[in-house]
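Student: Could you take me through one part of this model up close? I'd like to hear about the sheet that includes the strand pair S3 and S4, and then what surrounds it.

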Amino acid sequence: MIIYSHCLLLCLGACTTVNIRHLTFRLLQVYVTTVRCGSISEAARQLHLTQPTVSQQLKRLSEAVGSPLLEHHAQRLTMTATGQALYQASRDVLGRFDDFADQLSDLQHGSKGRFSIALVNTAQYVLPRLLGPFSQAFPDVDVTVHIGNRRQVLARFERQEDDLYVFSHPPALAHAVAARFMRNPLVAIAAADHPLAQHSTMTMEQLLSERLLLREPGSATRMLLESWLQEHGLTMQKTLQMASNEAIRVGVAANMGVAVLSEHVLPHEHPDLVVLPVQGLPIESHWQFIVRNDQRLPQSAQRFLHYVHDHLSHWIEPRFVCNELDTLLNAYPTFPLRG
């Protein structure tokens with residue numbers, strides 16, 4: 001199948017040796033998959049092809065463009081400037097065909113589609129409250145969820161691997177558009193039998209005199225806490241780094257120390273833990289949806305954002321709702337909703 005794309009022609013028009021008729025749909029798929037995987041062997045595995053076949057198709061694509069597309073760097077394939085332009089155009093072309101398939105499915109079988117969402121670890125405690133009702137209302141929409149720490153999700157954002165992203169501390173990038181949808185207060189917790197649990201009020205200095213259980217450097221919760229402490233001229237003293245929010249929660253319950261965590265990490269009933277009345281807390285933060293303004297947003301992802309906007313107060317406790325999704329929705333058409 002031969003693909004003719006105005007976007008592709010514009011991006012590659014400067015290369016006079018380009019033979020557009022050689023840029024087939026399959027070659028673009030192989031190229032995008034290879035870039036996402038970062039290796040020919042992994043791309044071959046995902047595409048159910050042999051490594052020599054993938055290598056040959058990449059060579060054909062490079063010859064058609066008339067310029068190198070990929071180069072090895074630190075044992076990983078990276079894109080050249082021409083390769084980056086082709087990657088952007090290829091994603092757009094393939095994405096438009098996905099939208100066309102979704103539109104046909106809508107006409108023939110009802111509402112269908114697919115999108116990918118990446119979220120930082122702590123957000124896994126809140127996103128199911130949104131994705132569950134949406135999936136019931138739109139059972140034919142296929143949602144892929146990726147969960148990782150902030151560094152991992154930022155890397156996915158840079159590689160444009162997903163359609164939507166959820167951060168509590170969004171990346172400060174020109175091509176990132178953010179919209180808050182939910183409050184994410186950070187509270188101090190201790191074991192129910194901890195001496196501090198008997199206080200009716202306390203200062204942050206009193207809390208910092210205890211061992212503080214922390215996530216890894218770069219996590220959003222730790223960044224917000226460190227920023228808050230710096231603003232108030234305070235520093236952490238005794239600390240212990242732990243790998244996950246669950247580990248911190250269990251550690252606090254076992255009297256390994258105290259912690260400052262998102263309130264959403266706590267279960268509805270937590271008899272082994274108490275929220276401490278620390279002056280100045282909770283630290284205010286928000287969950288935010290992020291999209292790239294240099295990347296197409298699938299119709300199914302747009303539909304999800306519209307659905308969240310219209311139903312958020314049904315799924316989330318009123319004190320946590322902060323619906324500012326109009327920032328994102330104004331850029332996309334409204335879809336008819338059902339369910």
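Tutor: Here is a walk through that sheet, followed by the spaces and the second sheet that go with it. Keep in mind that this is a predicted model.

Let's start with the strands. Five of them make an open sheet, and reading across you get S4-S3-S5-S12-S6, with mixed pairing. The edges belong to strand S4 (141-148) and strand S6 (176-183); each has a single partner strand, so one side of each has no neighbour in the sheet. From one strand to the next, the twist averages 25 degrees.

Now zoom in on the S3 and S4 pair. Strand S3 (residues 113-120) and S4 run parallel, and eight bridges join them. One residue to click on is Val120, whose bridge partner in S4 is Gly148. Hold on to those two names, as they come back below.

Next, the helices. Helix H6 (residues 127-137) packs on this sheet, where it touches S3, S4, strand S5 (164-167), S6 and strand S12 (286-292). The direction of H6 makes about 170 degrees with that of S4. Helix H11 (residues 299-315) lies across S3, S4, S5, S6 and S12 too, and runs at about 65 degrees to S3.

What links H6 and H11? Look at Phe134 in helix H6 and Phe304 in helix H11. The structure holds ten aromatic pairs, and Phe134 with Phe304 is an edge-to-face one, at 5.0 Å centre to centre with 80 degrees between the planes. That pair links distant parts of the chain, since its two members are 170 residues apart.

Back to Val120 and Gly148. Both of them line the largest cavity, together with Asn121, Thr122, Asn149, Arg150, Ser168, Arg215, Ser219, Ala220, Thr221 and Trp287. The space in there comes to about 90 Å³, and the structure holds three cavities of 30 Å³ or more. By class, the lining of the largest cavity has three nonpolar, seven polar and two charged residues.

Some of those names lead on to the second largest cavity. Arg215, Ser219 and Thr221 are among the residues that line this one, and so are Leu213, Leu214, Arg222, Leu225, Ile248, Val260 and Leu261. The elements giving two or more residues to the lining are S8, helix H9 (220-231) and S10. H9 gives the most, with three residues. About 50 Å³ of space lies inside, and the lining divides into six nonpolar, two polar and two charged residues.

S8 and S10 take us to the other sheet. Five strands form this one as well, in the order S9-S8-S10-S7-S11; it is open, with mixed pairing. Strand S9 (239-241) and strand S11 (273-275) are at the edges, each with a single partner strand, so one side of each is left without a neighbour in the sheet. The twist here averages 35 degrees from one strand to the next. Strand S7 (residues 186-191) pairs with strand S10 (residues 258-262) in the antiparallel sense over four bridges, and Leu186 stands opposite Ser262 in S10. Helix H10 (residues 245-253) lies across S7, strand S8 (212-214), S10 and S11, and runs at about 140 degrees to S10.

S3 and S4 also have a part in the largest pocket. They are among the elements that give two or more residues to its lining, along with helix H2 (25-37), helix H3 (40-47) and helix H5 (81-109). H5 gives the most, with nine residues. This pocket has a volume of about 1,000 Å³ and is lined by 35 residues, with Val32, Arg36, Arg91, Asp98 and Glu161 nearest its centre. By class, the lining has nine nonpolar, ten polar and 16 charged residues.

Two backbone details are worth a look before you go. Most residues other than glycine have a negative phi, and most peptide bonds are trans. In this model a cis peptide bond joins Leu281 and Pro282, with omega about 10 degrees, and Pro282 sits in the loop between S11 and S12. His48, in the loop between H3 and helix H4 (51-65), has a positive phi, near 60 degrees.

How values were computed:
Residues numbered from 1 in each chain as written. Predicted model: local features only at pLDDT ≥ 70, side-chain atom pairs only at ≥ 80, totals over all residues. Heavy atoms only, no water. Pairing = 2+ DSSP bridges. Axes fitted to C-alpha atoms, helices over the stretch in contact; angles between N-to-C directions. Contact = heavy atoms within 4.5 Å. 1 Å grid on protein atoms, 1.4 Å probe; cavity = no way out; pocket = protein on both sides within 12 Å on 5 of 7 lines; lining within 4 Å. Points joined across faces, edges and corners; volume = space filled by probe spheres on them. Nonpolar A, V, L, I, M, F, W, Y, C, P; charged D, E, K, R; others polar. Phe/Tyr/Trp six-rings, centres within 6.5 Å; stacked < 30°, edge-to-face > 60°.
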